[in-house]
Amino acid sequence: MLSLYAVLIGFLLDMLFGDPDFKLHPIRVIGMLIKKTETVIRQVFPKNKMWELLGGTLMTIFVCFICFASVFIFLKYAYHFNIFFGLICESIFCWLFTATKSLKTESMKVYSQLKKGNIEGARKAVSMIVGRDTERLDEDGIIKAAVETVAENTSDGVIAPLIYIFIGGAPLGALYKAVNTMDSMLGYKNEKYLYFGKIPAKMDDVFNFIPARVTAMFMVCASFLAGLDGKNAWRIYLRDRRKHASPNAAQTESVCAGALRIRLAGDAVYFGKVYKKEFIGDDLRPIDPEDIIKAGRLMYVTALLMMFVFGGIKLCTVLIM
């Protein structure tokens, strides 16, 4: 029951206050650990394909172990000291491992700049939440980038960490965030990370394989509840869910594209290089800044629906046992 209380309190704190910005935020600490570990490994290992692949593998194991073990040990002693102190600590971890309100807030910064007619400001705002080059994006490209990142991160930043927390509490949530952060920092197919970041990227694919599909199902249901086109969301999901280099990204993007009745994806530029991508969804209507708001609403309803279902399952499991 304590684990259930912690995830519910953490989710409520996230919905109310968003992600706080402070130096020792767990995700920042994980990022610093990744950077330091990468620096040490690159200094020790020779620079060739085999050693970079081995170095990336060792770094993945080390970072995952440290993140899981540190949170597990900390909470063990926190609960041993006082049960309510332990609950508070785990609730805070659960809060900091999810990003529902923050994702909505950051996407709304893009919307705000677009409504002001400030394309440069919108490009800068969207560059804070996407990995692609944004310098030459037009208004439609900016909107698409914002909607796509909200759709994809509905799984990566909201539902997936909540699923792992429901299963294994904050320690398993920390392990997931370690894998996800490594992928965001190292999972690029460029000269520097093609081999060093290969294992972190594959690990992220594995960790998100089931959550991405679970999220897609919740998103389809949420489409009806959010006043969007649920039938089209399901149709586009069945047709376009595999139209991405990642085995997971198109799962939620396809649902969002169908629910909004717009076309997403297509070619994108990363580090000055054009990457060919298939389109996701049908161009049933012109894309509009309001689609950013609709994508955020879909994310919120999906998260609330997931919490209701998984919370009920967790409660029933605890009561039966």
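In this predicted model, C67 is buried, with a relative accessible area of 7%. A natural thing to ask about a cysteine is whether it has a partner. A disulfide is a covalent bond between the sulfur atoms of two cysteines. For C67, the closest cysteine sulfur belongs to C64 and lies 7.0 Å away, which is too far for a bond. The structure as a whole holds 0 disulfides. C256 fits this picture, since it is in no disulfide and the nearest cysteine sulfur, that of C221, is 15 Å away. C256 also counts as buried, at 1% relative accessibility.

Two helices can be followed in some detail, beginning with α4. Helix α4 covers residues 83-96. Its 14 residues should span 20 Å at 1.5 Å a residue, and the end C-alpha atoms are indeed 20 Å apart, so the expected and computed values agree. Buried residues of α4 include two cysteines, C89 and C94, together with G86, L87, E90, S91, F93, W95 and L96. Among the elements that cover these buried residues are α1, α2 (26-44), α3 (49-81) and α7.

Helix α5 comes next, with 16 residues running from 100 to 115. From its first C-alpha to its last it reaches 23 Å, close to the 22 Å expected at 1.5 Å a residue. An α-helix has 3.6 residues a turn, so residues three or four places apart point the same way. That is a handy idea to keep in mind when looking at the buried residues of α5, which are T100, S102, L103, S107, V110, Y111, Q113 and L114. Their packing partners are α1 (2-17), α6 (119-127), α7 (139-186) and α11 (290-320). After α5 comes G117, which has a positive phi near 80 degrees.

How do α5 and α7 lie relative to each other? The two helices pack at an angle of about 175 degrees, and their axes are 10 Å apart. An angle over 145 degrees counts as roughly antiparallel, and α5 and α7 are therefore roughly antiparallel to each other. On the α5 side, the contact is made by T100, L103, S107, V110 and L114. The α7 side contributes E139, I142, I143, A146, T149, V150, N153, T154 and V158. Sorted by class, this contact of α5 with α7 has 8 nonpolar, 5 polar and 1 charged residues.

T154, in helix α7, gives a closer view of this region. T154 is buried, with a relative accessible area of 1%. Its C-alpha atom is separated by 8.6 Å from that of L103, although the two residues are 51 residues apart along the chain. Setting aside neighbours within four places in sequence, T154 is in contact with L103, I159, T215, M219, M299 and T302.

Is D291, a residue of helix α11, buried or exposed? At 0% relative accessibility, D291 counts as buried. Not counting residues up to four places away in sequence, D291 touches I143, V147, L260, I262, R285 and P286.

The loop between α10 (249-260) and β1 (264-265) contains R261. Most residues other than glycine have a negative phi, and most peptide bonds are trans. R261 is not a glycine, yet it has a positive phi of about 60 degrees. With a relative accessible area of 35%, R261 is partly exposed.

Note on methods. Residues are numbered from 1 along each chain as its sequence is written. This is a predicted model: local features need pLDDT of at least 70, side-chain atom pairs count only at pLDDT 80 or more; totals for chains, interfaces and linings use all residues. Side-chain values use heavy atoms; hydrogens and water are left out. Helices (H or I, at least four residues) and strands (E, at least two) are DSSP runs, numbered from the N terminus. The expected span of a helix is 1.5 Å times one less than its number of residues. Buried means under 20% relative accessible area, exposed over 50%, partly exposed in between (1.4 Å probe, protein chains only). Contact means heavy atoms within 4.5 Å. Axes are lines fitted to C-alpha atoms, for helices over the stretch in contact, and angles run from 0 to 180 degrees between N-to-C directions. Angles under 35 degrees count as roughly parallel, over 145 as roughly antiparallel, 65 to 115 as roughly perpendicular and the rest as oblique. Ala, Val, Leu, Ile, Met, Phe, Trp, Tyr, Cys and Pro count as nonpolar, Asp, Glu, Lys and Arg as charged, and the others, Gly among them, as polar. A disulfide is a pair of cysteine sulfur atoms within 2.5 Å.
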